[in-house]
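Student: I have a structure open and would like to talk through one of its pockets and a few of its strands. Could you help me?

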Amino acid sequence: MVYSDGAAACRMISELGYRLRDTGVAVAGIVAYHATREGTPRCDMEIEELTSRIILQLADDQTPQPAGCRVDPAAMQDAAALISAAFQKCPELLIVNKFGQLEADGGGLADVITEAVDLGIPVMVGVPERHIARWRELTGGLADEAMIDSPRVQQWLARRGLVPQRVRAGAETVLTSAA
């Protein structure tokens, strides 16, 4: 899922992950915890692993910075270990909220993404436009790409039996899964 607006993508991917999990879909991966909470610091990078429901703090430094945040590599390794452990429960889907700089450089959750593909687990990854070339290198051009707000995202999920519906909530569109 390619995006240009990180905050909107964060909210949409989190909402999708939680809705799928809450309707009984076996989903692994990480989404931003409190993604819809207003007023959180930009570098308050709490994530939740969807299977274990464990919450991790990924930011090394929680103070707002103009040029991005520092991700704690040890916390990212913890997240990767939780996701790998979740694969033992045969999830129907892996969601990774962001293909960030660590993944673009071959680290972070890149190995977990590859492991899921090797296990035949469908994978949804939020990819900022600035990292699309590195994403294509990792996937060898084999990934289906769509803008995060494209109907193709819902179509991709529907082909896998995970049928979300678009619902208008105030001024923004969110995804819900049909149960």
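Tutor: Gladly! Let's begin with a term: helices are DSSP runs of H or I with at least four residues, numbered from the N terminus. Keep in mind that this is a predicted model.

Student: Which helix gives the most to the lining of the second largest pocket?

Tutor: Elements that each supply at least two residues of this lining are α4 (110-119), β6 (123-125), α5 (132-139) and α6 (151-159). The one that gives the most supplies five residues, and that is α6.

Student: How many nonpolar residues does the lining of the second largest pocket have?

Tutor: The pocket holds about 650 Å³ of space. Its lining has 28 residues, and among those closest to the centre are Val123, Trp135 and Asp144. By class, six lining residues are charged, four are polar, and the nonpolar ones number 18.

Student: Are the residues on the two faces of strand β5 buried or exposed?

Tutor: Strand β5 covers residues 93-96, with Leu93 and Ile95 on one side and Leu94 and Val96 on the other. Buried means under 20% relative accessible area. Both faces are covered, and these four residues are all buried.

Student: Which residue in β6 is the bridge partner of Leu94?

Tutor: Strand β5 is joined to β2 (residues 27-32) by four bridges, and the two run parallel. In that pairing, Ile30 has Val96 as its partner in β5. Strand β5 also pairs with β6 in the parallel sense, over three bridges. There, the partner of Leu94 is Val123.

Note on methods:
Residues numbered from 1 in each chain as written. Predicted model: local features only at pLDDT ≥ 70, side-chain atom pairs only at ≥ 80, totals over all residues. Heavy atoms only, no water. 1 Å grid on protein atoms, 1.4 Å probe; cavity = no way out; pocket = protein on both sides within 12 Å on 5 of 7 lines; lining within 4 Å. Points joined across faces, edges and corners; volume = space filled by probe spheres on them. Nonpolar A, V, L, I, M, F, W, Y, C, P; charged D, E, K, R; others polar. Buried < 20%, exposed > 50% of the residue type's maximum accessible area, 1.4 Å probe, protein only. Pairing = 2+ DSSP bridges.
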